[in-house]
Amino acid sequence: MEAPLFPLLSISRHRMGIDGRGVTTLVAGAGCPLQCRWCINRRLLERNEAEPVTARELYKRVQGDDLYYRATGGGITFGGGEALLQAAFFAHFRALCGDGWRLCAETSLAVSRELVETAAESIDEFIVDCKDMDEAVYHSYTGGDEKIMEDNLRFLLKRVGADRVVVRVPRIPEYNTAESQKRSAARLKDLGVTRLDLFDYVRPKE
Ligand code: SF4
């Protein structure tokens, strides 16, 4: 079977404390099933300027920071866009970088169960942006179905354990409130989430 290509949008090096433990490199890929109103990457995603790269090509580009990753417990964070659209790529990348690098994926979980299962085999930590746990708010902000995210989250917690899942809960200007943000956090705790990150979206300039 042909090795999958990663639709590379950008590489951002030497990040600390933003998207995973230790020193990380954020590797952003194209494509996303959602249509979030305040998406800061929307224009980039729509321009479709991604460069398809193999796992080996990507590994060569990020290999220079190997010592930083190993010394700090960091590694690569796959983002986007929706990182799990590239789930089949992760195992190929893992085969090259070995277990010494920590691999994280930023995801909305608005993807098929199959992609979540595939990613769970290679990803150390999932950073889930849940948007909002209220179905109506979720749909009006993303155009998507909250139940898909919630079902995938239940599955993921069971499959990899709560320690490997961080759920980010945003306050979304014009769409939810600090109160509904707290309600979402409470529901997530009921689902078994132990690592929560409440934060505010910054509305991009239009
Ligand atoms: S999930 Fe992320 S990348 Fe996708 S539309 Fe929403 S904010 Fe943008």
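How do α2 and α4 lie relative to each other: roughly parallel or oblique? Hold that thought for a minute. A word on the model before anything else: it is predicted.

Let's start with the sheet. It is open and has eight strands. Reading across, the order is β3-β1-β2-β4-β5-β6-β7-β8. The pairing is mixed. Look at the two ends of that order. β3, residues 51-53, and β8, residues 195-200, are the edge strands. Each has a single partner strand, so one side of each is left without a neighbour in the sheet. From one strand to the next, the twist averages 30°.

Now the β1 side. β1 covers residues 6-16, and its pairing with β3 is antiparallel, over three bridges. One register point to mark on your screen: Leu8 has Glu51 in β3 as its bridge partner. β1 also pairs with β2, residues 23-29. That pairing is antiparallel too, and it runs over six bridges. Here Ile11 stands opposite Val27 in β2. β1 and β2 form a hairpin, with six residues between them. Find Gly17 in that turn: its phi is positive, about 70°.

Move along to β6 and β7. β6 is residues 125-129 and β7 is residues 165-171. These two pair in the parallel sense, over four bridges. Phe126 is the residue to click on, because it gives you the register: Val165 in β7 stands opposite it.

One general reminder while we are on strands. In a regular strand, side chains alternate between the two faces of the sheet.

On to the helices. Two packed helices are described by the angle between their axes and the distance between the axes. We have three pairs to go through.

Back to the opening pair. α2 is residues 55-62, and α4 is residues 87-97. Their axes come within 9 Å and cross at roughly 50°. α2 and α4 are therefore oblique to each other. The crossing is right-handed. Who makes the contact? From α2, it is Ala55, Arg56, Leu58 and Tyr59. From α4, it is Phe89, His92, Phe93, Leu96 and Cys97. By class, that contact has seven nonpolar residues, one polar and one charged.

Next, α4 with α5. The axes come within 8 Å, and the crossing angle is roughly 10°. So α4 and α5 are roughly parallel to each other. α4 brings Ala87, Ala88 and Phe90 to the contact, and α5 brings Leu115, Thr118 and Ala119. The split is five nonpolar, one polar and no charged.

Third pair: α5, residues 113-120, with α7, residues 146-160. These axes come within 11 Å and cross at roughly 25°. That makes α5 roughly parallel to α7. This crossing is right-handed. On the α5 side we have Arg113, Val116 and Ala120. They meet Asn152, Phe155, Leu156, Arg159 and Val160 in α7. The contact of α5 with α7 has five nonpolar, one polar and two charged residues.

Now two backbone details in the loops. Which two residues does a cis peptide bond join? Gly80 and Gly81, with omega about 15°. Gly81 sits in the loop between β4, residues 75-79, and α4. The other one is Leu109. Its phi is positive, about 60°, although Leu109 is not a glycine. You will find Leu109 in the loop between β5, residues 102-107, and α5.

Last stop, the ligand. Which residues are around the ligand? Start with the stretch from Cys32: the list has Cys32, Leu34, Gln35, Cys36, Cys39, Asn41 and Arg42, among others. Then come Gly80, Gly81, Glu82 and Ser108. Note that Gly80 and Gly81 are on that list, and the cis peptide bond joins that very pair. By class, the shell around the ligand has four nonpolar, five polar and two charged residues.

To close, three things to take to your own screen. The open sheet has β3 and β8 at its edges. α2 and α4 are oblique to each other, whereas α4 and α5 are roughly parallel. And Gly80 and Gly81, joined by a cis peptide bond, are among the residues around the ligand.

Terms used:
Residues numbered from 1 in each chain as written. Predicted model: local features only at pLDDT ≥ 70, side-chain atom pairs only at ≥ 80, totals over all residues. Axes fitted to C-alpha atoms, helices over the stretch in contact; angles between N-to-C directions. Near = placed C-beta within 6 Å. Nonpolar A, V, L, I, M, F, W, Y, C, P; charged D, E, K, R; others polar. Parallel < 35°, antiparallel > 145°, perpendicular 65-115°, else oblique. Left-handed = near helix turned anticlockwise from the far one by under 90°. Contact = placed C-beta atoms within 7 Å.
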